[in-house]
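Visitor: I'm new to this one, so could you take me through a single part of it up close? I'd like to know how the helices there sit against each other.

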Amino acid sequence: MTNSNMMPNRIQIIIVLYKTTLQESISYQSFKKYCASLTVPYTLLIYNNSPEVTIPLSTEYTLINATSNRYLQGAYSEALQLAQQNKADWLLLLDQDTALTAEYFTSISNFLYQDNATDYCAAVPNLCQESIHLSPCCYPKWVGPFWQSYLKPYTNKVAAERKSEIYMAFNSATLLSVSAICQVGGFDEQYPLDMLDYRYFYQLHLQRGKMYVLDTVLQQKLSLLSIEDSMSIERYKSYLSSCLRFAKQLSVRCVLLYKLRLCRTIAAQLLKKSKRKFLKYSIVHLFAWK
């Protein structure tokens, strides 16, 4: 139920582009198509992480052309600063290839008009790849997010605010409270790309922040489901390092369980020819501590 007499403060929206034009960005094109359903004041930032790609100036958005790839962490950090300058209460994160819908923007508007919206540190949609539920999820702290059998979909009815259970959602289409993310120190530069979302949601969990799940579903393609087709060697090495770093921040037990999962990954890479290009990096990482 909404309160039509209450006008929430504006949203700072960021769309992060990498080697993509606005015409090629599914997020930007679907945003233009359906943003009329967002009835809350907002400002839009286009963050171009590729100096070789030209993005035109426009009165419809603020444009930042990075001189080098600052990844998600650098882009989000600049958007957070802009949100504070604009006195926005919320920061909406969008990648370049999420198919947004009118229902999604309507659900954000309805959430923000609720009297208790400020009780939450984040509001997120359900993200799926076809019939596979991707986000949001929760996992036991003693296991970490590395074993699929322990991950379960998070809903508003799940008491994941308990210290033993941690909730998380993917970056894209996540609406974050500016004050909440500032209280945890913003976006951790130790995670420039992979595991950044796990990291800040873990920090929000430690602050006893609550996450609200919007009544809407968006489709998202997850590169980790087909790494042989969508992930470079350098990205894979970075991904492994980020996973280990996050496991270490949880507990030694989580590190051991992560290493055990990596053994299973190595076995799968041995058996499947298309994945063998990652094999030696997985083996080296198995014995790494950094």
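**Helix H7 and its two partners**

Guide: Let's start with a crossing: H5 passes H7 in a left-handed way, meaning that the near helix is turned anticlockwise from the far one by less than a right angle (clockwise would make it right-handed). Before going on, keep in mind that this is a predicted model, where local features need pLDDT of at least 70, side-chain atom pairs count only at pLDDT 80 or more, and totals for chains, interfaces and linings use all residues. Residues are numbered from 1 along each chain as its sequence is written, and side-chain values use heavy atoms, with hydrogens and water left out.

The helix names come from DSSP runs (H or I, at least four residues; strands are E, at least two), numbered from the N terminus. H5 covers residues 196-206 and H7 covers residues 233-250. Two packed helices are described by the angle between their axes and the distance between the axes. Here H5 and H7 pack at about 15°, with axes 10 Å apart. The axes are lines fitted to C-alpha atoms, for helices over the stretch in contact, and angles run from 0 to 180 degrees between N-to-C directions. That makes H5 roughly parallel to H7 (under 35 degrees; over 145 is roughly antiparallel, 65 to 115 roughly perpendicular, the rest oblique).

Who does the touching? On the H5 side, Tyr198, Arg199 and Tyr202 make the contact, and on the H7 side Phe246, Gln249 and Leu250, where contact means heavy atoms within 4.5 Å. That set splits into four nonpolar, one polar and one charged. Ala, Val, Leu, Ile, Met, Phe, Trp, Tyr, Cys and Pro count as nonpolar, Asp, Glu, Lys and Arg as charged, and the others, Gly among them, as polar.

Now for the other partner, helix H9 (residues 279-286), which packs with H7 at about 25°, axes 10 Å apart. H7 and H9 are therefore roughly parallel to each other, and H7 passes H9 in a right-handed crossing. Ile233, Tyr236, Lys237, Leu240, Ser241 and Leu244 of H7 meet Tyr281, Ser282 and His285 of H9. This contact divides into five nonpolar, three polar and one charged.

As for H7 itself, its buried residues include Tyr236, Leu240, Leu244, Phe246 and Leu250; buried means under 20% relative accessible area, exposed over 50%, partly exposed in between (1.4 Å probe, protein chains only).
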